[in-house]
Amino acid sequence: MRSSVVICVMVMGFIGCQGSKETVVCPPSTELDGQGPPIGRRVVCVDRSKTTGTRRAFRQGPEVRWFAGGALRSKQTFVDDQLQGESVSWFANGKMSKKGHYQKGHKTGVWSEWGTDGTLQSETTYSQGLMDGPRRFFYTDGQLKSEHHYRIGIIHGPSKGFYPDGVIQYSGRYGDNVRQGVWLRYDMSGELQKAERFVDGKPKPRSSVDEP
């Protein structure tokens, strides 16, 4: 039989479920561990027939956390004691903080992060828990601020930055975590201001810079 528990939070000095309930449904052969508001701040489904090396019961199913005031803090799921599937977290003001997916305990795919005001701050691509692919940062209005590329945890590939109006600010390329080749920098009108060649992260004399 599945374990299903409705957690109620404390609101204005009394315990109530209206508009604040969070249903935690545990898989078969598991049970709920911990307590939600107003007593506790975390619940998770566990399989007590299995234990880890520290004799802790296997986490098997959803986990929910709250802030001290009762606001929802995070929701995620465990499969065989490893994070699996969607993971979402919030700030205490109710705005979303992070959202992404896990696969066998490792971050995978695109993870998004927001500021406390609800504006998107960054999007990062992961593979096996390491940054692997594009990583983008944004201005508060959603305009792209910069984009870099990663390969197995290190910055590698094209890199670009933009002014708030979308005009390119700089462009270049990283190779194994250091700047390589010609890097270009522009003013706010898009006019080229500087071109500099890098070899293994070190700038070369101006005379050695190739024209773009």
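With a relative accessibility of 15%, Tyr-102 falls on the buried side. Its ring partner Trp-111 is buried too, at 7% relative accessible area. In this predicted model, the two ring centres sit 5.2 Å apart and the planes meet at 80°, so Tyr-102 and Trp-111 make an edge-to-face pair. Aromatic pairs number 3 in the structure.

Tyr-170 and Trp-183 give another ring pair, this one with centres 6.2 Å apart and planes at 20°, so it counts as stacked. The pair ties together distant parts of the chain, 13 residues apart: Tyr-170 belongs to strand β18 (residues 168–175), while Trp-183 belongs to strand β19 (residues 178–186). Both rings come from buried residues, Tyr-170 having a relative accessible area of 17% and Trp-183 one of 9%. Tyr-174 joins in as well, since ring pairs link Tyr-170, Tyr-174 and Trp-183 into a cluster.

Next comes a run of antiparallel strands. Strand β13 (residues 120–127) is joined to strand β14 (residues 130–138) by 5 bridges, the two running antiparallel. Within this pairing, Tyr-126 has Met-131 of β14 as its bridge partner. The hairpin that β13 and β14 form leaves 2 residues between them, and in its turn Gln-128 has a positive phi of about 55°. On the other side of the hairpin story, β14 also runs antiparallel to strand β15 (residues 144–151), with 6 bridges joining them. Here Gly-133 stands opposite Tyr-150 of β15. The β14 and β15 hairpin has 5 residues between its strands, and Gly-142 takes a positive phi near 95° there.

Then there is a charged residue tucked away in a strand. Asp-47 lies in strand β6, which spans residues 42–51. Although buried, Asp-47 has no salt bridge; Lys-50 is the nearest side chain of opposite charge, at 4.5 Å. That separation misses out because a salt bridge needs the nitrogen within 4 Å of a carboxyl oxygen. Apart from neighbours within four places in sequence, Asp-47 touches Ser-29, Thr-30, Ala-57, Phe-58 and Gln-60.

A word on confidence. Mean pLDDT for the chain is 88, with 87% of residues reaching 70 or more. Over residues 8–20, however, pLDDT is below 50, and the model gives this stretch 18 contacts beyond near neighbours in sequence. Residues 208–212 also stay under 50, with 8 contacts beyond four places in sequence. Where pLDDT is low, the predicted coordinates should not be read in detail.

Methods: Residues are numbered from 1 along each chain as its sequence is written. Side-chain values use heavy atoms; hydrogens and water are left out. Helices (H or I, at least four residues) and strands (E, at least two) are DSSP runs, numbered from the N terminus. Buried means under 20% relative accessible area, exposed over 50%, partly exposed in between (1.4 Å probe, protein chains only). Lys and Arg count as positive and Asp and Glu as negative; His and the chain ends are not counted. Contact means heavy atoms within 4.5 Å. pLDDT is the predictor's confidence in each residue, from 0 to 100. Two strands pair if DSSP finds at least two bridges between them. Rings of Phe, Tyr and Trp (its six-membered ring) pair if their centres lie within 6.5 Å; planes under 30 degrees apart count as stacked, over 60 as edge-to-face and the rest as tilted.
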